[in-house]
Amino acid sequence: MTPTLTISQLTKRFQSVEALKQVSLTLQPGRRAALLGHNGAGKSTMMKIILGLIPFDSGEVSVCGETPGSAAARRQVAYLPENVAFHPALTGEEQISHYLALRGENPRIAPELLARVGLAHAARRRIGTYSKGMRQRVGLAQTLIGRPRLLVLDEPTSGLDPVSRRDFYDLLDGLSADGTAILLSSHALTEVEARTDSILILSGGQLVAEGSLADLRTRAALPIMLLVRPAEGHAEALVAAFPEACVGADGLLRIPCAQGEKLPLLARITAWGPQVADLDVIPPSLEDIYSYFSRRDGQ
Ligand SMILES: Nc1ncnc2c1ncn2[C@@H]1O[C@H](COP(=O)(O)OP(=O)(O)OP(=O)(O)O)[C@@H](O)[C@H]1O
């Protein structure tokens, strides 16, 4: 399968700042990748290069087999900036019809695009009356024009409430099932953890980690945490039996352990039978993994 996006040894400098250093990655059709990184890590720079908005110094970038910014590449890529701005006096339908006409597409399909993003009911209302989530959906409807093969989304869910975020990712799932590759940047680690196929961590312009969350978890080999709630009257005995545990104000025993020690530790805990009221296994979160890879690089 030809990758939708291929980046090889990409380097970009702004005077003395090396914004991207030898970055290489590929994105296959239908895959959803989250681009994570601290402020100034190089995310926007990478997106601008993929869109063909700025040149780069060395390396290669191919978008659907085409040069970024070429007419052929632009036909196949859509971009949603972080802050979408539409004319408040236009209705959603008028705004999307306008974009369709600009792209040489049939403006009459605007209602269909708005229906796909769940805005059929408000298509004829002025955008000035839309909520932030609704405006974001207009932005997504705009990216659907021309059936792009690659969607580049810059923090698409910032400012959205949890339900709007979930709906937004549901829409992305549908697009990826149709073969559209999606590259989105985000600082909302927990949501990308559940809703993307792979995670790319940029730190100081370098791609310091790439893979599924499971891959990154294995590679980071961070400790997992077991939370044990003693049954009433048995806290003291359990605390004595697990001296490695920290006991919180909530009465829970928190026992860190390496992945390989998990099963033996679980066996030790469950051997206490009814003296243990409850047990949870907490794997390292994406925040932990993200900090591990970012810090490892000295950032
Ligand atoms: N036009 C420019 N001129 C000079 N330096 C720039 C320019 N654009 C970006 N940079 C620098 O390149 C580095 C990467 O910036 P970039 O905007 O790509 O980061 P980012 O990961 O998108 O950050 P954020 O999360 O804050 O949006 C930063 O050090 C930034 O100051």
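Me: Which element gives the largest share of the shell around the ligand?
Reply: This is a predicted model, and in it the ligand is surrounded by Phe14, Val17, Ala19, Gly37, Asn39, Gly40, Ala41, Gly42, Lys43, Ser44 and Thr45. Two elements give two or more residues to that shell, strand 2 and helix 1 (43–51). The largest share is 3 residues, and the element it comes from is helix 1.

Me: How do the residues of that shell divide into nonpolar, polar and charged?
Reply: Gly counts as polar here, and the shell includes Gly37, Gly40 and Gly42. Lys counts as charged, and Lys43 is in the shell too. The split comes out as 4 nonpolar, 6 polar and 1 charged.

Me: Is Gln15 buried or exposed?
Reply: Gln15 sits in the loop between strand 1 (5–14) and strand 2 (17–27). Its phi is positive, about 45°, although it is not a glycine. The cut-off for exposed is 12 or fewer C-beta neighbours within 10 Å. Gln15 has 5 inside 10 Å, so it counts as exposed.

Me: What about Gln22, and where does it lie?
Reply: Most residues other than glycine have a negative phi. Gln22 goes the other way, with a positive phi near 50°. It counts as partly exposed because it has 14 C-beta neighbours inside 10 Å. As for its place in the chain, Gln22 lies in strand 2.

Me: Which residues of helix 3 are buried?
Reply: Helix 3 covers residues 92–102. What covers its buried residues includes helix 4 (110–116) and helix 5 (132–143). An α-helix has 3.6 residues a turn, so residues three or four places apart point the same way. The buried ones are Gly92, Glu93, Gln95, Ile96, Ser97 and Leu100.

Me: Which residue just after helix 3 takes a positive phi?
Reply: Helix 3 runs over residues 92–102, so to speak of what comes just after it is to look past that range. The phi there is about 75°, and the residue that takes it is Gly104.

Me: What percentage of the residues in the protein chain is buried?
Reply: The chain has 11 helices and 13 strands. Its C-alpha atoms fill a box of roughly 75 × 50 × 35 Å along the principal axes. Being buried takes 20 or more other C-beta atoms within 10 Å. Among the 299 residues, the buried share is 34%.

Me: How much of the contacts with a separation of 6 or more comes from residues 24 or more positions apart?
Reply: A contact here needs C-beta atoms within 7 Å. Of the contacts in the protein chain with a separation of 6 or more, residues 24 or more positions apart account for 70%.

Methods. Residues numbered from 1 in each chain as written. Predicted model: local features only at pLDDT ≥ 70, side-chain atom pairs only at ≥ 80, totals over all residues. Helix = DSSP H or I, 4+ residues; strand = E, 2+ residues; numbered from the N terminus. Contact = placed C-beta atoms within 7 Å. Near = placed C-beta within 6 Å.
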